[in-house]
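Trainee: I have a structure to read and would like to take it step by step. Can we go through it together?

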Amino acid sequence: MTPFDERFNATSIRALLALAVIFVMLATTGWTAIRPHKGAEDPRATALTSWLHGSVAGHKLPSASAGADSIAHFFATLTADQTRQLANDYPLVVGNLDGAPVSVRYLANRVALAQTRVTELARSHSSLLTPAGRKDADKRAHRYASLLTGGRQILAFDPTGAGRAAEVFGDLDSADRVALVVPGVDTDISTFERTAKAYAAPVGMARALYSAERAQAPAAHTAVIAWANYTTPSGVGLDASTGELAENGAVRLNSLVEALPTRAHLSLFCHSYGSVLCGVAAPDLPSDKVSDITVFGSPGMRVSRATQLHTSANVWAARDPSDWIGDVPHLEIAGLGHGADPVSEAFGARVVGTEGALGHPGYFAPDTESLANFTDIALGQYSAVRCAPAREDCASGLDQS
């Protein structure tokens with residue numbers, strides 16, 4: 001047997017052993033749980049059916065899947081009163097239409113949240129539900145009440161199943177630089193925000209980044225989007241080990257990016273399974289909009305090297321030594337696993353420092369090196385980025401913008 005054969009066999013055995021470990025964990029630890037769907041009710045599907053048969057000023061409404069440009073053109077033909085009418089009559093459609101003016105989406109989602117909150121409050125006292133069902137309805141009603149407070153800018157809202165949402169910090173219409181946070185597993189309407197360790201949830205991540213940008217560059221026109229508008233895996237289970245949910249989410253992400261202002265530089269910040277989604281989406285993201293893709297706590301991007309993402313964006317990666325994701329086998333066999341480790345030298349990403357970021361959800365915690373680096377990347381201040389140990393050339397060849 002040649003030395004090459006010996007190395008090949010050793011690599012194959014290690015990969016098979018890692019795969020066996022994954023199968024054992026999936027079979028014995030309850031990791032295979034799939035996110036439960038709370039009944040067959042699909043309020044947005046009902047709203048879409050109504051929209052399909054609706055009209056305004058005697059004109060048929062466009063398909064909700066017509067594309068951002070077509071939707072934008074349609075709304076440009078409407079009067080202010082007609083626009084408000086559609087937002088009030090079809091809030092679950094208008095509030096999620098990529099291409100519709102963001103101010104109209106905010107209005108529609110306030111209407112949808114208020115209506116859905118009333119429904120959940122009624123369900124929380126319904127004798128037709130179990131105690132667990134009433135408790136879940138009460139929790140949702142409180143979440144919707146929170147999203148309605150303080151003029152929050154809700155860019156997307158869908159109560160179907162476990163629920164999805166997106167929120168904007170800053171003025172999206174005037175922003176020259178937009179950052180978009182893509183979260184990972186166990187993200188739904190109930191975990192969209194949290195009080196304790198707020199930075200571990202999408203809203204807290206986006207708010208921390210926006211606050212850091214404002215503190216560092218108060219004159220800059222920036223906006224940050226907490227984007228939990230895709231169905232995420234439930235736990236570290238079978239659905240988290242495959243790319244199916246990432247592929248579905250990538251379609252939704254690309255639709256949003258297409259609708260964002262062309263002038264804005266867009267930076268994606270993709271956490272955990274969100275980095276899988278960003279890897280799948282990367283080849284189709286418009287190169288004239290996306291400047292940077294940053295993955296952190298990543299199980300992989302479903303490619304072996306950054307060049308295989310086929311993007312002109314700068315690809316950054318971060319992982320703190322305390323993050324358990326580093327112990328997950330970085331491989332892909334028979335559709336299970338997500339490929340190479342983005343912080344490995346062979347992958348070819350620009351690896352940044354994370355000092356102070358404790359554990360898997362700690363990258364946006366205050367005073368962490370990771371948050372400082374993400375802020376510099378979002379602002380295009382590449383010369384200020386601090387590289388990971390032994391990766392001192394991570395920002396070489398980049399012009400500060």
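Trainee: How many strands form the open sheet, and in what order?

Mentor: Keep in mind that this is a predicted model. The pairing in the sheet is mixed. Eight strands form it, in the order 3-4-6-5-7-8-9-10.

Trainee: Which strands stand at the edges?

Mentor: Look for a strand with a single partner. One side of such a strand is left without a neighbour in the sheet, because it has just that single partner strand. The edges are strand 3 (153-158) and strand 10 (350-351).

Trainee: Which residue in strand 9 stands opposite Thr 294?

Mentor: Strand 8 covers residues 290-296 and strand 9 covers residues 314-318. The two run parallel, joined by five bridges. Opposite Thr 294 stands Trp 316.

Trainee: What angle does helix 11 make with strand 7?

Mentor: Helix 11 (residues 273-281) packs on the sheet. It touches strand 5, strand 6, strand 7 and strand 8. Its direction makes an angle with that of strand 7 of about 135°.

Trainee: Where is Arg 391, and is it buried or exposed?

Mentor: Find helix 12 (residues 369-379), which lies across strands including strand 5 and strand 9. Arg 391 is in the segment after helix 12. Its state is buried.

Trainee: Why does Arg 391 have no salt bridge?

Mentor: A salt bridge needs a side-chain nitrogen of Arg within 4 Å of a carboxyl oxygen of Asp or Glu. The nearest side chain of opposite charge to Arg 391 is Glu 345, so the distance that rules out a salt bridge is 4.8 Å.

Trainee: Which backbone oxygen lies 2.9 Å from a polar atom of the Arg 391 side chain?

Mentor: Arg 391 touches several residues, among them Ser 344 and Ala 349. Val 343 is also one of those it touches. The backbone oxygen in question belongs to Val 343.

Definitions and conventions. Residues are numbered from 1 along each chain as its sequence is written. This is a predicted model: local features need pLDDT of at least 70, side-chain atom pairs count only at pLDDT 80 or more; totals for chains, interfaces and linings use all residues. Side-chain values use heavy atoms; hydrogens and water are left out. Two strands pair if DSSP finds at least two bridges between them. Helices (H or I, at least four residues) and strands (E, at least two) are DSSP runs, numbered from the N terminus. Contact means heavy atoms within 4.5 Å. Axes are lines fitted to C-alpha atoms, for helices over the stretch in contact, and angles run from 0 to 180 degrees between N-to-C directions. Buried means under 20% relative accessible area, exposed over 50%, partly exposed in between (1.4 Å probe, protein chains only). Lys and Arg count as positive and Asp and Glu as negative; His and the chain ends are not counted. A polar contact is a pair of N or O atoms within 3.5 Å; within protein, one must be able to donate a hydrogen and the other to accept it, and residues adjacent in sequence count only if both atoms are side-chain atoms. Lists of a residue's contacts leave out its neighbours within four places in sequence.
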